[in-house]
Amino acid sequence: ICFTIDGWFLLCFLLLDQAVNLIVYLLWSESFEMPTLVKHIAFGTANTKLYYVVVFGCLRGVQVNMATCVIVSLATEVLLPCLGKLCSSFPGRDVSFYLDHRLGHLPVVYQHAHKAHHQLNDTTPWDAHTYGNGMNEHYFLMVMDVLPTLLFPHMICVPHCFNFHLLYISWANKPHHTRLKHGTPYDYFFNFHADHHKVHNRNYALMNGALLDFYFGTQASECAGTNGVLMQREVEESSGDVLIRVQAAS
C-alpha cells in the first residue's frame, strides 16, 4: 500500500493533529479564556506545524510505502533503546537535554531562536512539537528529513518526521505542554514543564532529570517536584552545601 505526499495528505495530517490537540485540551487541560485559547491555537499551530508544511512541501509527489513505514518504525523502536543504553553513561539524555535547553535560553540565542516557543505565557497542546521547540530552530532537522528522501528515494522513502516513533513522541508530548487540571492521568507531572512556559527561565530539565533543576537552583519557586516525586532544596548557610530532600508523593 502506497500513498503520495501531496496537499490532501498534508491537510489530513494537520486535521488529525488538530483533533488530538482538541481531545487533550477538553479532557485534561485547565480552561483558558477564549481570546487566549485562540492565540495559542493560531500561534502554536504556526510554530509547530510549519515544520511539516515545509518538509512535506519539499517532498510533494514522493510515494511512501506503508510497509516501509512500518519496518523503519519498528527498527527505530528496537535500535533507539540500544543506542540509548550505549550513550547513557556520558553525558546522558537528561544531562544533555538540561544543558541544551539552558543554552537555548541564553541572551541573544534566546532572542533569535527559542523565544518563538515561549512567545505566549503558558502552554496548551497546540504548542507541543516533536522536538519540543519550533520550526525556526530546526533547519538542519528539516534538511535531514528532506535530503535523504530526495537523494535516495529507493533506499529512504520515509521522512524521519513521519516515522511512527516520532509521531508517537509528538502526540505524547501534548500532555507535557498542557496546563493540566487536577484529576487527570498525568497528575504526577505536577505541571512541571507547563510552569516552565509560565516563568520561562525555570524548570529546564526533563521530568526524569528534574533533580538537575533543584541542584542548580533553577526550579520554579512553587515547584514541589515532578514525575511523582517531591523535592525540596536547602542550602547550608555555613558551608554552602546543597541538600535536596526527595520523597515519593503520596
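A residue counts as buried under 20% relative accessible area, as exposed over 50%, and as partly exposed in between (1.4 Å probe, protein chains only). The structure is a predicted model, in which local features need pLDDT of at least 70, side-chain atom pairs count only at pLDDT 80 or more, and totals for chains, interfaces and linings use all residues. Residues are numbered from 1 along each chain as its sequence is written, and side-chain values use heavy atoms, with hydrogens and water left out.

By the first definition, F9 is buried because its relative accessibility is 14%. F162 is buried as well, at 10%, and F13 is also buried.

These residues take part in ring pairs. Rings of Phe, Tyr and Trp (its six-membered ring) pair if their centres lie within 6.5 Å; planes under 30 degrees apart count as stacked, over 60 as edge-to-face and the rest as tilted. The structure holds 21 aromatic pairs. In one of them, F9 and F162 meet edge-to-face, with 5.4 Å from centre to centre and 70° between the planes. F9 lies in helix α1 (residues 7-28) and F162 in the loop between α6 (139-151) and α7 (164-172), so this pair ties together parts 153 residues apart in sequence. Helices here are DSSP runs (H or I, at least four residues), as are strands (E, at least two), numbered from the N terminus.

F162 also pairs with F13: the planes stand at 55° with the centres 6.5 Å apart, so this pair is tilted. F13 lies in helix α1, so its pair with F162 joins parts 149 residues apart in sequence. Ring pairs link F9, F13 and F162 into a cluster that also includes F3, Y51, Y52, F56 and F164.
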